[in-house]
Amino acid sequence: MPFVQISIPAGSLSAEQKRTMIAKVTDACVEAEGIPAVRAQTFVHINEVADGGWGIGGRTVTLALMKAALAAN
């Protein structure tokens, strides 16, 4: 049974976006497994990390920094 954990900055997704993410990740697991019955056994956990509660390369990452980085691309 698949168990998928997704970490996102707190407040970055609406309830509808979370529902969509859970549905699409579940669909991807079913497709990858090739067994339709796995849908009922697929767990998707969205973990909302407090702003500034994670980092990369030794630097704290905030939602503002992530949005700025995305806007620059």
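Relative accessible area sorts residues into three classes, with buried meaning under 20%, exposed over 50% and partly exposed in between (1.4 Å probe, protein chains only). The model on screen is predicted, so that local features need pLDDT of at least 70 and side-chain atom pairs count only at pLDDT 80 or more, whereas totals for chains, interfaces and linings use all residues. Residues are numbered from 1 along each chain as its sequence is written, and side-chain values use heavy atoms, with hydrogens and water left out.

Begin with the whole protein chain in cartoon view, which shows two helices and four strands (DSSP runs, H or I of at least four residues for helices and E of at least two for strands, numbered from the N terminus). Their order along the sequence is β-α-β-β-β-α.

Next, select Glu16 and Arg19, whose side chains meet in a salt bridge at 3.0 Å, N to O (a side-chain nitrogen of Lys or Arg within 4 Å of a carboxyl oxygen of Asp or Glu). Both residues belong to helix α1 (residues 15-33), where they sit three residues apart, about one turn of the helix. Glu16 counts as partly exposed, because its relative accessibility is 46%.

Now move to Lys18 and Glu48, a salt bridge with its closest N and O atoms 3.0 Å apart. This pair links distant parts of the chain, since Lys18 is in helix α1 and Glu48 in strand β2 (residues 43-49), 30 residues apart.

Finally, select Arg39 and Asp27, where the closest N and O atoms of the salt bridge are 2.8 Å apart. Arg39 lies in the loop between α1 and β2 and Asp27 in helix α1, so the pair ties together parts 12 residues apart in sequence.
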